[in-house]
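Reader: I'd like to walk through this model with you, one question at a time. Could you start with what I need to know about metal donors?

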Amino acid sequence: MKIICIGRNYAKHIAELQNERPTEPVIFLKPDSAILANKMPFFIPDWSNGIHYEVEILVKINRVGKYIDAKFASKYYNEIGLGVDLTDRELQSKLKEKGLPWEKAKAFDGSAIIGNFYDKSEFDLENLNFSLQINENLVQNGNTKAMLWKIDELIAYVSQYFTLKKGDIIFTGTPQGVGQVFENDILTGFIESKEAFSVKIK
Ligand code: ZN
């Protein structure tokens, strides 16, 4: 399986990082070794000067598709979830400055926290609240209404470049409020009122 991540999909997050608003979705990949094992803590890597959280709605692909029309994209997923795209922001900034790929800053071991998945029929995907708490303090609070590209548009766009396969996961981008994690933090994610994950930082 592969993990496809969307960058810069929420205007307020683009503003907080002083990035340019893209004319097309920004895409990068994480390998399956980036998945943080279920119930395991995340260990801040020795090489890092600081890891940041980005809470994101996830989409789990349920069948093979290529050049999927946005009109039919909803047939390619039954479940949505919540995760965190862990990022070494300082390293990412250095790589961006030099025009280099972001993988070292975003695709390292454990950088994909993947929480529970839920049947999409439980939610209104066009108006879905999600949030991240650290040590029970709210740090990020998003709603899918604010996405620049909606889930079905992302699937259509991404599938022009990458054949989607059963089990692939799309990270759909983070809202504003990103920040750093520290040792002993507990990150807890919610879709509406459902707790999708709880991960300790070590
Ligand atoms: Zn992200």
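Author: Happy to! Donors are N, O and S atoms within 2.8 Å of the metal, and water is not among the atoms, so sites may look incomplete. Please also keep in mind that this is a predicted model.

Reader: Which protein donors does the zinc ion have?

Author: With that cut-off of 2.8 Å in hand, look at the oxygens lying 2.0 to 2.1 Å from the zinc ion. Along the chain, the donors follow the spacing E-x1-E-x28-D. The protein donors are Glu 54 (OE), Glu 56 (OE) and Asp 85 (OD).

Reader: Which strands hold Glu 56 and Asp 85?

Author: These two donors of the zinc ion link distant parts of the chain, 29 residues apart. Glu 56 is in strand β4 (residues 55–61), and Asp 85 is in strand β5 (residues 77–85).

Reader: Is Asp 85 buried or exposed?

Author: Buried means under 20% relative accessible area. Asp 85 has a relative accessible area of 0%, so it counts as buried.

Reader: Which residues form the negative surface patch?

Author: One of its members is Glu 153, found in helix α4 (residues 151–158). Glu 153 counts as partly exposed because its relative accessibility is 36%. The patch is formed by Asp 124, Glu 126, Glu 153 and Glu 192.

Reader: What separates the C-alpha atoms of Asn 141 and Pro 175?

Author: Asn 141 sits in strand β8 (residues 137–143) and, at 47% relative accessibility, counts as partly exposed. Pro 175 is 34 residues apart from Asn 141 along the chain. Their C-alpha atoms are separated by 7.2 Å.

Key
Residues are numbered from 1 along each chain as its sequence is written. This is a predicted model: local features need pLDDT of at least 70, side-chain atom pairs count only at pLDDT 80 or more; totals for chains, interfaces and linings use all residues. Side-chain values use heavy atoms; hydrogens and water are left out. Patches are made of residues with over 30% relative accessible area and no salt bridge: like charges are joined within 9 Å, nonpolar side chains (Val, Leu, Ile, Met, Phe, Trp, Tyr) within 5 Å. Accessible areas come from the Shrake-Rupley method with a 1.4 Å probe; for residues, only the protein chains shown count as cover. A salt bridge is a side-chain nitrogen of Lys or Arg within 4 Å of a carboxyl oxygen of Asp or Glu. Lys and Arg count as positive and Asp and Glu as negative; His and the chain ends are not counted. The place of a charge is taken as NZ of Lys, CZ of Arg, CG of Asp or CD of Glu. Helices (H or I, at least four residues) and strands (E, at least two) are DSSP runs, numbered from the N terminus. Buried means under 20% relative accessible area, exposed over 50%, partly exposed in between (1.4 Å probe, protein chains only). Donors are N, O and S atoms within 2.8 Å of the metal (3.2 Å for Na, K and Ca); water is not among the atoms, so sites may look incomplete.
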